[in-house]
Amino acid sequence: MATYEEKARRQGYKLVAGVDEAGRGPLAGPVVAAACILPPRFRVPGVNDSKKLTPQKRAQLFQEITTHPKVIYGVGIVATEIIDTINILQATIQAMLDAVNQLSSQPQALLVDGLQLPHPVIPCQKLIHGDSLSLCIAAASIIAKETRDRLMVELDQQWPAYGFAQHKGYGTQQHLDALREHGPCPIHRKTFEPIKSMFAEALNCSIC
């Protein structure tokens, strides 16, 4: 999985960061991105696309990656209200740029999962399914996913009626049933359906 990183290094880019996000699709909570620079010959067995890992394996790999003395990583988090203001694509781009800016060493090239990142200085390569093709993107996907999942568990304590700890804000039947029963809470994305229609209905009722 390090083919793309090795190719970039042969082209003269010594520091290559993988960038990925978690949370573009949920109905609630922030979008989280991570950027990760791995050392050459990095070997932690099992690193892969975070969606292909069990929660237990992902948590284990998150710990191993983030505590590795030669791994450099940064995290960017964009809150729900900003997602509703600038749309989810722009919020994802902002989270990715924030994650890159959080790196303690500036990378010379970026490998980005599924998105053409408009970084003003650093050259970027978009990789479709990059979290299955690039080791540093896979590591970033694990950091982003685990960080967001932990945030959603914390938010579940504040808003226990919705089951955020179980579904992490995605539109499961459990979540949709809770929305119908309780209505949206402040961390729900007002521009996402069916929440958008719920707010519109509530507004129409208030006018009537």
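**Pockets and salt bridges in a predicted model**

Good morning, colleagues. I begin with Asp49, which counts as buried at 5% relative accessibility. The model I am presenting is a predicted one, and every value I quote is computed from it.

Asp49 has a salt-bridge partner in Lys51, and the N to O separation between the two side chains is 3.2 Å. The two partners fall into opposite classes of accessibility. Lys51 is exposed, because its relative accessible area is 65% and the class begins over 50%. Asp49, at 5%, is buried, since that class covers values under 20%.

Lys51 takes part in another salt bridge. Its side chain meets that of Asp131, with N and O 3.1 Å apart. This pair brings together distant parts of the chain: Asp131 belongs to helix H5, residues 130–133, while Lys51 sits in the loop between strand E2 (31–37) and helix H2 (55–67), and 80 residues separate the two. Is Asp131 buried or exposed? It counts as buried, with a relative accessibility of 3%.

Lys51 also leads us to the largest pocket. Its volume is about 250 Å³. Fifteen residues line this pocket, and those nearest its centre are Glu21, Ala22, Gly23, Lys51 and Tyr170. Two elements each give two or more residues to the lining, namely strand E1 (16–22) and helix H6 (135–158). Of the elements, E1 contributes the most, with three residues. What is the chemical make-up of the lining of the largest pocket, by class? There are seven charged residues, five polar ones and three nonpolar ones.

I turn now to the database record. In UniProt, an unreviewed entry carries the annotation "binding site" for Asp20, Glu21 and Asp113. These residues are spread over 94 residues of sequence, yet they cluster in space, with a largest C-alpha distance of 8.0 Å. How do the annotated residues relate to the largest pocket? Its lining includes Asp20, Glu21 and Asp113. I would remind you that such annotations may be inferred rather than shown by experiment.

Let us take two of these residues in turn. Asp20 is part of strand E1. Its relative accessible area is 2%, so Asp20 is buried. Leaving aside residues up to four places away in sequence, the contacts of Asp20 include Val32, Ala33, Ala34, Met96, Asp113 and Asp131. Also among them are Ile137, Ala140, Ser141 and Ala144.

Asp113 is found in strand E4, residues 109–113. It has a relative accessible area of 15% and is therefore buried, as the limit is under 20%. With the sequence neighbours set aside as before, Asp113 touches Val19, Asp20, Met96, Leu127, His129, Gly130, Asp131 and Ile137. Asp131, the salt-bridge partner of Lys51, thus appears among the contacts of Asp20 and among those of Asp113.

I now return to the salt bridges. How many does a search of the whole structure find? The search finds seven. One of them joins Lys145 to Asp149, whose closest N and O atoms are 3.2 Å apart. Both of these residues lie in helix H6, four residues apart, which is about one turn of the helix. Asp149 is buried, with a relative accessible area of 9%. Through shared partners, salt bridges join Arg58, Lys145, Glu146, Asp149 and Arg150 into one network.

Glu146, a member of that network, also lies in helix H6. At 8% relative accessibility, Glu146 counts as buried. Beyond residues up to four places away in sequence, Glu146 touches Arg58, Ala59 and Phe62.

Finally, the second largest pocket, which has a volume of about 160 Å³. Its lining consists of 13 residues, with Ala2, Glu6, Arg9, Pro40 and Arg41 nearest the centre. Helix H1 (3–10) and helix H6 are the elements that give two or more residues to this lining. H1 gives the most, with three residues. By class, the lining holds eight nonpolar and five charged residues, and no polar ones.

To close, the annotated residues Asp20, Glu21 and Asp113 are in the lining of the largest pocket, and Lys51 lies among the residues nearest the centre of that pocket. Thank you for your attention.

Notes. Residues are numbered from 1 along each chain as its sequence is written. This is a predicted model: local features need pLDDT of at least 70, side-chain atom pairs count only at pLDDT 80 or more; totals for chains, interfaces and linings use all residues. Side-chain values use heavy atoms; hydrogens and water are left out. On a 1 Å grid over the protein atoms alone, a cavity is a set of points where a 1.4 Å probe fits but cannot get out, and a pocket is an open set with protein on both sides within 12 Å along at least five of seven lines; lining residues have an atom within 4 Å of a point. Grid points are joined across faces, edges and corners, and a volume is the space filled by probe spheres set on the points. Ala, Val, Leu, Ile, Met, Phe, Trp, Tyr, Cys and Pro count as nonpolar, Asp, Glu, Lys and Arg as charged, and the others, Gly among them, as polar. Buried means under 20% relative accessible area, exposed over 50%, partly exposed in between (1.4 Å probe, protein chains only). Contact means heavy atoms within 4.5 Å. A salt bridge is a side-chain nitrogen of Lys or Arg within 4 Å of a carboxyl oxygen of Asp or Glu.
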